Amino acid sequence: MNRSDLQKLSDVRSHEARNLLHSGHSSGAYYLAGYAVECALKACIAKLSQKHDFPDKDRVNKSYSHKLSDLMAVAGLDTQLNGDMQSNSKLAANWELARNWSEQSRYKLWSHAEAESMVDAIMKRNDGVIPWIKRHW
């Protein structure tokens, strides 16, 4: 899987999350919304790899996480995000919601309101987590 694949997968999962939400499948929408963020962050990590470079083992190992705040750090974007959140409280609130997602979310039933909040947090055009990540991938 390469950077382009991860970018496409993030877009697909975002749209799937929105479609699931609109069709009444809140739990699937919540889970896929977080997964879309994970894929977007992994695309940013892939961007750090240079052709023919031997990969840094620590970065590789940390890249296999599902924890979004850890992936943000591996992508080298945590400092930029912290700065941007200081001037954009909506982005800060959206990241706060999104970063609490985990792969264990698939084992919980999420209400429509919870799923809608998550999908909005990741997809808001100006203040959403994924549009912010896309500026860096």
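1. Helices here are DSSP runs of H or I with at least four residues, numbered from the N terminus, and in that numbering K42 belongs to helix α2. The model under review is a predicted one, and the points below should be read with that in mind. K42 has a relative accessibility of 17%, and because buried means under 20%, K42 counts as buried. Leaving aside its neighbours within four places in sequence, K42 is in contact with L6, S63, S65 and L71; of these partners, L6 is itself listed among the buried residues of α1.

2. Helix α1 covers residues 3–22 and has 20 residues, with a reach of 29 Å from its first C-alpha to its last, which is close to the 28 Å expected at 1.5 Å a residue. At the start of α1, the backbone nitrogen of S4 has a side-chain oxygen of N2 within 3.1 Å. After the helix comes G24, whose phi is positive, near 90 degrees.

3. Which residues of α1 are buried? They are L6, Q7, L9, S10, S14, A17 and L21, and because they cover an arc of only 165 degrees around the axis, they lie on the same side of α1. An α-helix has 3.6 residues a turn, so residues three or four places apart point the same way. On the other side of α1, K8, N19 and H22 are exposed, while the buried residues of the helix pack against α2, α7 and α8.

4. S14, which is found in helix α1, deserves a separate remark, since it is buried with a relative accessible area of 5%. Not counting residues up to four places away in sequence, S14 touches A36, I122, M123 and I130, and two of the residues named there, I122 and M123, are also among the buried residues of α7. The C-alpha atoms of S14 and V119 are separated by 7.8 Å, although the two residues are 105 residues apart along the chain.

5. Helix α7 comprises the 12 residues 112–123, which at 1.5 Å a residue should span 16 Å, and the end C-alpha atoms are indeed 16 Å apart, so the expected and modelled values agree. Its buried residues are A115, M118, V119, A121, I122 and M123, and what covers them includes α1, α2 (26–47), α6 (89–99) and α8 (129–134).

6. S26, whose place is in helix α2, is buried at 9% relative accessibility. Once residues up to four places away in sequence are set aside, S26 touches W110, S111, H112 and A115; one of these, A115, is a buried residue of α7.

7. The largest nonpolar core has 38 residues, and those with the most contacts inside it are V37, W95, I122 and I133. At least two residues of this core are supplied by each of α1, α2, α4 (68–74), α5 (78–87), α6, α7 and α8, and α2 gives the most, with 12 residues. For I133, the contacts that remain when residues up to four places away in sequence are not counted are with V37, A40, L41 and C44; V37 is thus a partner of I133 as well as one of the residues with the most contacts inside the core.

8. How many disulfides does the model contain? The count comes to 0, and C39 is in no disulfide, the nearest cysteine sulfur being that of C44, 12 Å away. Seen from the other residue, the sulfur of C44 has its closest cysteine sulfur in C39, and because the distance is 12 Å, the pair is too far apart for a bond. C39 is buried, with a relative accessible area of 3%, and C44 is likewise buried, with a relative accessible area of 3%.

9. Is D70, which lies in helix α4, buried, partly exposed or exposed? At 36% relative accessibility, D70 counts as partly exposed, because that class takes in the values between 20% and 50%. D70 and R99 are 29 residues apart in sequence, and their C-alpha atoms are 9.3 Å apart in space.

Technical notes: Residues numbered from 1 in each chain as written. Predicted model: local features only at pLDDT ≥ 70, side-chain atom pairs only at ≥ 80, totals over all residues. Heavy atoms only, no water. Expected span 1.5 Å × (residues − 1). Buried < 20%, exposed > 50% of the residue type's maximum accessible area, 1.4 Å probe, protein only. Contact = heavy atoms within 4.5 Å. Arc of directions from axis to C-beta. Polar contact = N/O pair within 3.5 Å; in protein donor to acceptor, adjacent residues only side chain to side chain. Core = buried A, V, L, I, M, F, W, Y, C linked by side-chain atoms within 4.5 Å. Disulfide = S-S within 2.5 Å.
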